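This briefing concerns how two protein chains meet, followed by the surroundings of two selected residues. Please consult the sequence and the structure shown here alongside the text.

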Amino acid sequence: MQRFLPLLLLIGCGTKPPATTPSFTGPATVKSSTNAQREKVAITVYNQGFGLVREIRNVDIGTGKIELEYRDVAAHVQPETVSLKSLDDASALTIFEQNYRYDLLTPAKLLEKYVGKKVKLYRWNEEKNVEDAFEAEVLSVEGGTPIYKINGEVTYGFPGRVAFPEVPANLIAKPSLVWLLGSSRPKQKVELTYLTSNMTWKSDYVLLIDDKDASADLTGWVTLDNRSGTSFENAQLKLVAGDVNKVANAESYDGFEDEDDKKYAAKEEAPGFKEEGFFEYHLYTLGRPTSVLNNEKKQATLLEARGIGVNKKMIFFGAAHYYRGKYGQVVSNQKIGVFLDIENREKNKLGVPLPKGVIRVYKADKSGANQFIGEDHIDHTPRDEKIRVKMGDAFDVVGDRKQMSWTPFGTCMSESDWEVELRNHKDTPVQIEVVEPIGGDWEVLKSSLPHKKEDAHTFTFDAKVPARTNLKITYRVRVKWC
Amino acid sequence: MVLNRRPSTVYRLPFVAVAIFAVAPAVAQQAPAPTAKVSPSKDRTDVSITVYNQNFGLVREVRDIDLGKGRVALEFRDVAAQIQPETVSIKSLTAQNGINVLEQNYRYDLLSPATLLEKYVGKKVKVYRWNEKLGKEDGFDAEVLAVNGGQPVMKINGEITYGFPGRLAFPEVPANLIAKPTLVWLLDTNAGPKQKLEVTYLTRGFTWKADYVLTIDEKDTKGDLTGWVTLSNGTGASYENAKLKLVAGDVNKVPDYSYGGDYAPASKAGGAGYGGKPFKEEGLFEYHLYTLQKPTNVLQNEQKQITLLEAEGIALNKKLIFYGNSYYYRGSYGQVMSNQKVGVYLDIENKEGNKLGIPLPKGVVRVYKADKSGAKQFIGEDRIDHTPRDEKIRVKMGEAFDIVADRKQMSWKPLGTCNSESEWHISVRNHKDTDETVEIFEPIGGDWEIVQSSHPHTKKDAHTFTFNPKVPKKGEVKVTYRVRVRWC
């Protein structure tokens with residue numbers, strides 16, 4: 001990886017200084033290179049839907065001035081990020097020009113290039129069972145319908161097909177990279193790097209929790225999706241986890257060189273993937289080559305951790321606007337959310353960087369079969385941070401919130417009485433956090449349970465609701481919101 | 001069980017093997033190319049399906065597969081077309097640590113006329129044209145020059161042409177193009193050759209919902225409730241002899257970007273369990289799990305209905321409610337609305353004392369009542385949300401035909417910009433041959449006070465009061481009240 005990073009810098013700066021070699025004048029010899037000459041390919045995939053491809057090919061280009069058509073690069077290559085260099089001897093390869101051609105051969109283009117020229121028209125003769133050929137001149141193709149001159153007459157809508165003597169110069173089958181090179185060595189090992197879009201990866205986690213909802217096993221998977229239009233066989237695969245800034249014109253990658261090889265003490269070394277800190281991101285390297293085919297989703301294990309402590313929370317959310325107006329029953333039968341909190345700490349048997357992705361949670365039912373019980377997105381999570389996974393809404397625990405009185409003082413101040421009723425229909429007690437976001441300047445005047453001020457505009461109640469019991473929390477609050 | 005065992009030595013390069021078998025190889029010098037294996041649905045010995053309310057399901061399959069030893073590329077066929085590939089997981093039941101999953105691949109570079117042509121750019125194909133006269137096809141050699149924009153440009157007989165009549169023929173299927181999206185694992189196995197592998201995955205396309213039938217008696221005081229599960233399978237795969245489970249609850253599911261769009265509105269639900277019923281109910285995390293006691297066939301594009309619960313002699317409380325609106329008190333109106341409708345509702349206590357007391361998954365309750373000839377007639381339906389035991393369900397049936405009411409503002413006096421005092425007359429008329437109680441439900445904003453009223457009022461909460469007049473048969477009740485309101 002380090003080796004080609006300076007190269008990327010070069011792209012930004014322009015072309016390499018030309019080496020002094022003779023005989024680079026006159027017409028260029030046309031050569032092409034396909035992936036049959038590929039010796040090695042390495043891809044680094046980012047979270048933002050792009051990848052960096054580095055490939056080494058053994059090309060036989062001869063010497064002198066060469067026009068090299070380089071085939072089998074990703075269909076979604078960003079041509080401005082392409083860079084080529086010789087690995088054998090940098091001075092043996094001089095780059096004069098780098099071209100990305102996308103004037104594609106299509107029926108319409110073909111016709112257009114033949115305006116004013118002679119073509120052949122073939123019409124099937126049923127009777128004689130042969131194709132009759134006509135000499136024709138294409139007069140115009142404006143508006144899509146070609147106008148021909150046949151036998152001295154001008155016509156259009158000719159039934160049959162048109163044939164051209166040759167493919168016009170510069171019309172090509174697929175977008176291609178073409179270099180104008182000066183070569184002083186016939187066989188060379190060249191390295192090409194470029195960025196391509198339509199390649200991405202994300203993490204998928206499987207969290208299996210125990211029957212008490214208290215501890216869990218976590219498996220992290222990497223899911224790589226290649227829609228770049230190209231298959232990479234036996235590729236060396238690396239992944240960068242982090243929010244890497246990407247602009248339409250990817251230039252300065254200077255930052256990438258700031259390589260700090262400090263290893264994170266990943267508790268359980270990823271089978272297959274090796275993790276390292278990399279600039280302000282994390283880099284994962286697959287320990288063996290793999291094939292990344294076009295239109296393929298590939299998964300490999302990223303990490304495994306067993307016996308992680310998880311904390312199930314039930315939360316009943318309010319909303320700040322409740323305090324600013326007159327409501328009766330705010331929303332009947334409001335759902336109580338169920339969440340799992342996980343500390344990403346070493347002493348919780350975790351403490352590893354968790355790249356962003358989806359975490360899916362499973363739990364065994366009474367027959368022992370694991371059932372899916374919810375999924376949520378997590379963002380890039382460094383060690384020692386907390387993850388909160390929204391599981392769903394509780395079926396058997398419901399809440400109600402009622403405004404019992406409302407007294408306005410002026411236009412933006414009020415005093416109101418509230419009753420929150422939590423009903424637990426389960427056979428076990430539950431702990432519910434009632435979270436009350438409240439704007440502005442507020443004061444809880446009285447409450448049946450002690451309230452806790454979480455921050456400037458949130459207070460909470462921690463309510464323990466016994467099995468099959470209803471619990472009422474009443475409180476009076478004064479709010480000034482402007 | 002069919003195993004497609006072909007020695008990889010036949011192929012010169014490992015990636016050729018990849019192409020044909022859709023198999024991921026290791027590099028030649030590091031490890032030998034993996035042995036390719038194929039497992040179709042015939043290998044399946046056990047399958048269980050758990051369906052959720054949110055239009056997805058969890059499939060668990062056990063297959064007997066002869067894996068052999070060493071590095072294996074296992075192609076797993078006949079999974080649901082709507083599978084979420086990132087959720088697939090495989091393990092060996094025979095030997096816990098018997099297999100080591102190196103990679104899991106989902107391939108979807110599908111063979112189609114367009115991809116076929118694309119791969120043949122720059123290569124030779126044949127074009128056949130039907131010769132009417134000779135009654136045979138004429139063959140032409142052609143080179144595909146480009147296929148940009150869908151129409152191939154070809155070189156035939158030294159000329160460049162397109163729109164050539166006839167059909168194209170290709171010598172072989174290009175590498176890596178496959179017929180169906182396919183799961184391929186790259187495994188290291190050191191367990192015995194024959195293994196029981198368990199594969200689980202989530203798939204879209206499964207849905208279930210609850211449908212309830214409530215048959216009420218003549219007096220509208222008792223009802224019999226039957227709950228049905230309606231399950232439908234649009235996953236693209238059929239599962240025979242499947243163990244079926246249903247999860248009722250609002251399970252969080254993140255939207256999927258690659259597919260998207262097939263989220264059904266929430267009208268699905270599941271049932272509660274009574275002894276001896278097809279489904280057995282248990283708690284699962286904060287949800288409910290229903291297990292069908294007998295295996296069943298869940299075929300592609302099939303809708304299946306199974307009884308979830310039955311309860312007889314449930315007490316019902318029919319309510320007639322006349323609703324007001326808080327803005328009435330803030331302005332000057334005459335007759336607010338003449339002949340306003342009086343809503344009819346059924347309240348059901350989901351309690352054991354009421355012969356219910358079971359979790360009711362969300363769904364639609366349809367209510368029927370027998371007419372005089374004994375034929376059951378449909379009298380209304382409504383949606384219910386997930387309802388735990390000991391909660392109340394209110395089913396809106398419709399509007400009463402023979403009971404009407406109207407509301408008149410008799411006076412309105414503003415006191416400043418947001419204070420008023422007003423007097424109201426509500427007339428409730430019962431044209432039936434039986435007495436009825438009608439609840440008059442008055443939402444009212446802000447700081448309010450009933451100054452006087454002809455009937456006693458009940459304060460429900462900060463901004464609602466009600467009257468509950470009894471209206472005699474073929475009679476009328478007039479409720480008058482005076483209210484003072486401050487709304488800002």
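The points below treat the interface between the chains, then one residue from each chain.

The model is predicted. In it, 90 residues of chain B are in contact with 94 residues of chain A. The area buried between the two chains is about 7,700 Å².

**Interface: extent and composition**

- Carbon and sulfur atoms give 50% of the area buried between chain B and chain A.
- Across this interface, 45 residue pairs are in polar contact, both residues of each pair being at pLDDT 80 or more.
- Strand β6 of chain B, spanning residues 99-107, supplies the largest share of the side of chain B that touches chain A, namely seven residues.
- On that side of chain B, the residues comprise 42 nonpolar, 23 polar and 25 charged.

**Interface: salt bridges and strand pairing**

- The interface of chain B and chain A holds 16 salt bridges.
- A salt bridge links the side chains of A:Lys202 and B:Glu86, with an N to O distance of 3.7 Å.
- Strand pairing also crosses between the chains: β24 of chain A (residues 386-408) and β17 of chain B (residues 250-251) run in the antiparallel sense, paired over two bridges.
- Within β17 of chain B, B:Asp250 is the bridge partner of A:Asp393.

**A:Ser228 in chain A**

- A:Ser228 lies in the loop that joins β15 (215-226) to β16 (232-241) of chain A.
- A:Ser228 counts as buried because its relative accessibility is 0%, and the cut-off for a buried residue is under 20%.
- The side chain of A:Ser228 makes a polar contact of 2.7 Å with the side chain of A:Asn226.
- Leaving aside residues up to four places away in sequence, A:Ser228 touches A:Ala74, A:Ala75, A:His76, A:Thr196, A:Ser197, A:Asn198, A:Met199 and A:Asn294.

**B:Lys136 in chain B**

- B:Lys136 belongs to strand β8 of chain B, which covers residues 136-146.
- B:Lys136 has 41% relative accessibility and therefore counts as partly exposed, the class between under 20% (buried) and over 50% (exposed).
- With residues up to four places away in sequence not counted, B:Lys136 touches B:Arg129, B:Trp130 and B:Asn131.
- B:Lys136 and B:Gly475 are separated by 339 residues in sequence and by 92 Å in space, C-alpha to C-alpha.

Terms used
Residues are numbered from 1 along each chain as its sequence is written. Chains are lettered from A and ligands numbered from 1 in the order in which they are written. This is a predicted model: local features need pLDDT of at least 70, side-chain atom pairs count only at pLDDT 80 or more; totals for chains, interfaces and linings use all residues. Side-chain values use heavy atoms; hydrogens and water are left out. Contact means heavy atoms within 4.5 Å. Buried area is the accessible area (1.4 Å probe) that two parts lose on being put together, summed over both. A salt bridge is a side-chain nitrogen of Lys or Arg within 4 Å of a carboxyl oxygen of Asp or Glu. A polar contact is a pair of N or O atoms within 3.5 Å; within protein, one must be able to donate a hydrogen and the other to accept it, and residues adjacent in sequence count only if both atoms are side-chain atoms. Helices (H or I, at least four residues) and strands (E, at least two) are DSSP runs, numbered from the N terminus. Ala, Val, Leu, Ile, Met, Phe, Trp, Tyr, Cys and Pro count as nonpolar, Asp, Glu, Lys and Arg as charged, and the others, Gly among them, as polar. Two strands pair if DSSP finds at least two bridges between them. Buried means under 20% relative accessible area, exposed over 50%, partly exposed in between (1.4 Å probe, protein chains only).
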